[in-house]
Amino acid sequence: MNHSDSERVASVLENAGFIKGSEEEAELLVVNTCSVRQKSEDKAVGYMRQYKMDHPQSKIAVTGCMVRQTGDETNSKDKLLKLDPIDFVFRIEDAARVPKMLEPHFPKHDFEVFADSFGSGSIENYFRINPKTQNKAQVYVPIMQGCDKFCTFCIVPYTRGREISRPLADVVTECKAHVEAGAKEITLLGQNVNSYRDGTEGEKCFARLLLEIDKFHELGLSRVRFTSAHPQDFTDDVIDALASMKTHCPYIHLPVQHGCDEMLRSMNRNYKIEKYFDIIGKIRKAMPDTTLATDIIVGFPGETEEQFERLCDFAREIQFDFSYTAIYSPRKHTAAARMEKEFIPRPGQRERFARFDDVIREIAWKKRSKYVGKEVEVLVEKSEIMENGLYKNTGRSREFFEIWFEAGRPYVGKEVQVLLKKQKGYVFAGELPELEIKGMKMMGS
Ligand code: SF4
């Protein structure tokens with residue numbers, strides 16, 4: 001989401017006459033912050049302090065989750081402004097009016113022509129900003145913002161606010177424009193992507209949106225992904241839609257957070273483990289090759305050893321392909337931060353993290369090893385030239401496996417068939433099929 005927000009901010013700034021440059025020579029540095037953990041905030045502040053010391057002439061603007069948490073409507077009383085290095089702050093939904101906010105800081109710059117390019121600051125105008133995509137083949141499209149779920153550990157409803165969805169027609173129009181510009185993969189974004197509705201008033205209709213976007217397969221769209229989904233809204237119509245799509249990738253990221261009902265209740269996750277099993281069963285029945293990733297929190301307040309063991313058993317039973325595992329850390333203003341009496345000491349949390357990581361690794365690596373010797377389709381994301389003159393091309397398969405292969409040229413933005421030769425942990429090393437390699441040799445590459 002932050003990556004996508006940054007693309008929209010960059011677009012507004014370019015329309016206001018700014019040119020993207022290096023950090024070294026920037027007159028304006030925009031820091032897009034994350035506040036999922038205290039550590040993220042501390043890192044952002046540390047970075048800005050150092051930057052201001054090294055570049056006292058540069059202006060620093062801050063946006064992202066740290067702003068909402070401390071800001072008010074006008075930003076004039078934002079506590080962040082009390083931090084020395086920061087010149088001004090703006091909420092991400094106010095991105096459209098950043099040129100107006102910049103005027104007093106850049107008196108010599110002519111904003112007249114550009115100031116109203118995107119209208120005033122509002123979430124609707126934010127969504128309308130045409131992003132400056134860094135990679136035309138892989139694009140991110142926000143379809144909703146905010147969250148109404150209020151999990152007890154999470155700061156998002158306080159930083160991103162309540163759920164607001166974009167009109168379906170706007171999302172479809174943006175996706176079509178990306179595909180016509182060469183997008184092969186679209187990732188739909190939202191804090192709760194599958195609780196999407198057509199605009200703020202409409203019915204929930206994530207399945208319908210998926211099917212509309214799938215029609216762009218004819219124009220060259222190959223892959224549709226989405227993140228993050230919530231089990232509560234993973235309804236049968238979404239599964240049916242995914243199973244029928246030409247552009248669906250056999251990879252689902254469905255955060256469960258824990259493997260026992262008492263912990264889920266304490267986290268205010270409004271489903272039971274049985275429901276999660278039910279959803280995964282239906283997904284695997286409809287799309288048997290689907291790989292499954294999740295989010296897990298270990299060491300949540302009050303988690304007993306027995307509950308932790310149940311989490312490990314649950315992971316073994318479900319057979320995850322990956323887990324984004326986090327050690328619980330309290331965030332101010334959240335309900336779980338007030339459960340101090342039940343906090344688990346850090347060493348105990350770390351020990352559980354390591355044990356859970358072992359469980360996931362054992363399952364995931366074993367599952368992955370079955371892919372060695374198979375050919376998969378890779379969309380290449382980056383290419384680096386190596387000392388031997390060949391290029392190291394790295395990308396993802398439809399199953400979301402990270403794969404790299406050597407070739408005589410960069411393949412960024414291309415989809416290629418790759419034969420998986422070796423697996424090292426979660427990553428595969430592969431090679432191009434023989435014909436293509438022979439072709440390269442004949443061409444002397
Ligand atoms: S559903 Fe996700 S974004 Fe919303 S409160 Fe829970 S963890 Fe946070």
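**Exercise 1. Find which residues surround the ligand, and sort them by character**.

*Solution.* Start at the ligand in this predicted model. Around the ligand you will find C147, K149, F150, C151, C154, V156, P157, Q191, N192 and H230. Now sort this shell: six of its residues are nonpolar, three are polar and one is charged. To place each residue in its group, count Cys and Pro as nonpolar and Lys as charged.

**Exercise 2. Work out whether strand 4 is enclosed or exposed, and find a strand that pairs with strand 4**.

*Solution.* Strand 4 covers residues 138-142. Take one side first: Q138, Y140 and P142 are buried there. Then turn to the other side, where V139 and V141 are buried too. A residue counts as buried if 20 or more other C-beta atoms lie within 10 Å of its own. Five of the five residues pass this test, so strand 4 is largely enclosed by the rest of the structure. Next, look for a partner: strand 7 (residues 185-189) pairs with strand 4 in the parallel sense, over five bridges. Within this pair, Y140 faces T187 of strand 7.

**Exercise 3. Trace the open sheet of three strands, then find helices that pack on it**.

*Solution.* The strand order is 1-2-3, and the pairing is parallel. At the edges sit strand 1 (28-33) and strand 3 (88-89), each pairing on one side only. Two bridges link strand 2 (residues 59-64) with strand 3, and V62 has V89 as its bridge partner. Now add the helices. Helix 2 (residues 38-54) packs on the sheet and touches strand 1 and strand 2, making about 170° with the direction of strand 1. Helix 1 (residues 2-15) also lies across strand 1 and strand 2, at about 150° to strand 1.

**Exercise 4. Follow the strands that close into a barrel**.

*Solution.* Go round in the order 12-13-14-16-15: these five strands close into a barrel with mixed pairing. On average, neighbouring strands here are turned by 50° against each other, direction ignored. For one pair in detail, take strand 15 (residues 415-424) and strand 16 (residues 427-431), which run antiparallel and are joined by five bridges. Here L419 stands opposite E431.

**Exercise 5. Decide how compact the whole chain is**.

*Solution.* Begin with the inventory: the protein chain has 14 helices and 16 strands. Its radius of gyration is 23 Å, close to the 22 Å that the globule rule gives for 445 residues, so the chain is as compact as a globular protein of that length. To round off the picture, note that buried residues make up 37% of the chain.

Note on methods
Residues are numbered from 1 along each chain as its sequence is written. This is a predicted model: local features need pLDDT of at least 70, side-chain atom pairs count only at pLDDT 80 or more; totals for chains, interfaces and linings use all residues. A residue is near a molecule or strand if its C-beta atom, placed from the backbone, lies within 6 Å of it. Two strands pair if DSSP finds at least two bridges between them. Helices (H or I, at least four residues) and strands (E, at least two) are DSSP runs, numbered from the N terminus. Axes are lines fitted to C-alpha atoms, for helices over the stretch in contact, and angles run from 0 to 180 degrees between N-to-C directions. A residue is buried if 20 or more other C-beta atoms lie within 10 Å of its own, exposed if 12 or fewer, and partly exposed in between; C-beta atoms are placed from the backbone. The radius of gyration is taken over C-alpha atoms; the globule rule is 2.2 Å times the number of residues to the power 0.38. Two residues are in contact if their C-beta atoms, placed from the backbone, lie within 7 Å.
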